[in-house]
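Grab a pencil and work through these exercises with the structure open next to you. Try each task before you read its solution.

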Amino acid sequence: MKKRQQVTLIELLIVIAIIASLASRLLPALGKARGKAYRIGCVSTLKQLYLGLYNYAGDYTFFPVAVPNVGTEKYNSHWWVFQVLPYLGVNRQVKNWDDSCDLRRHPALFCKATIVAGKDSMSYAMPGYKLWYDNGWPLTPYSQDGDKYYVRPESRSSNRALLPSHMMLLGEGQNYTTGSGGPTNSNPTNYNLWCNTDLSTRTDLFRHDGQANILFFDGHVNFYSEVDHLRRNTNETWYFYFRDK
């Protein structure tokens with residue numbers, strides 16, 4: 001019988017080195033593939049949200065607003081995210097803060113690339129359009145409740161200056177106002193991040209390799225990068241209008 005040859009320590013170290021070298025080359029590629037998958041999934045989620053919002057408008061004439069005026073706070077259940085859920089096949093009632101926090105991270109509303117910074121982390125923000133009306137860029141037809149403006153899928157700027165293909169309906173956003181029992185701020189920062197926040201300091205919004213996905217009024221989704229932000233018309237930053245997108 002032949003004597004069984006044993007693996008030497010040197011040979012074992014060589015094999016380990018080869019495996020480590022291969023892993024160092026494969027892991028970045030796997031990371032990029034995962035990031036691309038997250039971005040594709042995010043685009044798909046936004047398109048499904050558009051269908052949900054469009055069907056909601058079919059029943060109620062107007063899109064929901066980010067945070068409507070309500071007399072009684074009910075665990076944020078009046079926010080747009082909860083109003084659209086039934087149109088995405090999710091029919092859970094918000095009974096407490098745990099439900100509220102869980103539902104805002106439901107797969108129908110959540111991008112996997114979102115940094116979960118608190119119980120109330122959200123993936124998407126719906127802007128308020130008050131500034132449009134305050135500064136002479138109204139959309140018609142519309143309905144008004146105090147400082148909240150409700151618009152329809154077919155709403156257009158009265159002077160035709162704004163095209164629906166460049167008007168933001170939803171953008172990537174995140175809310176950090178977490179109370180002991182859940183989100184307690186009835187006017188959260190998340191819905192107007194794209195309006196009154198310096199995006200150069202909000203790198204968490206550009207979560208797809210320095211880019212963020214935006215859903216527009218006509219239903220298409222496009223990306224917006226940190227480079228785009230630096231080149232953007234400063235005045236239009238306040239109006240959720242993306243001329244080049």
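**Exercise 1.** In this predicted model, decide whether Arg152 is buried, partly exposed or exposed, then look at its salt-bridge partner.

*Solution.*
- Step 1: Start with the cut-offs: buried means under 20% relative accessible area, and exposed means over 50%.
- Step 2: Arg152 comes out at 25% relative accessibility, so this residue counts as partly exposed.
- Step 3: The side chain of Arg152 meets that of Glu154 in a salt bridge, with 3.5 Å from N to O.
- Step 4: Glu154 has 41% relative accessibility, so Glu154 counts as partly exposed too.

**Exercise 2.** Work out which parts of the chain the salt bridge between Arg207 and Glu172 ties together, and sort both residues by burial.

*Solution.*
- Step 1: Check the contact first: the closest N and O atoms of Arg207 and Glu172 are 2.3 Å apart, and the cut-off for a salt bridge is within 4 Å.
- Step 2: Now place the residues. Arg207 sits in the loop between helix H5 (193–196) and strand E5 (211–216), while Glu172 belongs to strand E4 (residues 168–172), so this pair ties together parts that are 35 residues apart in sequence.
- Step 3: With 13% relative accessibility, Arg207 counts as buried.
- Step 4: Glu172 has 0% relative accessibility, so Glu172 counts as buried.

**Exercise 3.** Find how many salt bridges the structure holds, and classify the two residues of the one between Arg92 and Asp99.

*Solution.*
- Step 1: The structure holds three salt bridges.
- Step 2: In the one formed by Arg92 and Asp99, the closest N and O atoms are 3.4 Å apart.
- Step 3: Arg92 has 44% relative accessibility, so you'd call it partly exposed.
- Step 4: Asp99 has 15% relative accessibility, so Asp99 goes in the buried group.

**Exercise 4.** Say how many aromatic pairs there are, and decide whether the pair Tyr133 and Tyr149 is stacked or edge-to-face.

*Solution.*
- Step 1: With ring centres within 6.5 Å as the cut-off, the count comes to eight aromatic pairs.
- Step 2: For Tyr133 and Tyr149, the rings are 4.0 Å apart centre to centre with 5° between the planes, which makes the pair stacked.
- Step 3: Tyr133 lies in helix H4 (residues 130–134) and Tyr149 in strand E3 (residues 148–157), so the pair ties together parts 16 residues apart in sequence.
- Step 4: Tyr133 and Tyr149 are both buried.
- Step 5: For a last look at rings, find Tyr56, Tyr60 and Tyr87, which form one aromatic cluster.

Terms used. Residues are numbered from 1 along each chain as its sequence is written. This is a predicted model: local features need pLDDT of at least 70, side-chain atom pairs count only at pLDDT 80 or more; totals for chains, interfaces and linings use all residues. Side-chain values use heavy atoms; hydrogens and water are left out. Rings of Phe, Tyr and Trp (its six-membered ring) pair if their centres lie within 6.5 Å; planes under 30 degrees apart count as stacked, over 60 as edge-to-face and the rest as tilted. Helices (H or I, at least four residues) and strands (E, at least two) are DSSP runs, numbered from the N terminus. Buried means under 20% relative accessible area, exposed over 50%, partly exposed in between (1.4 Å probe, protein chains only).
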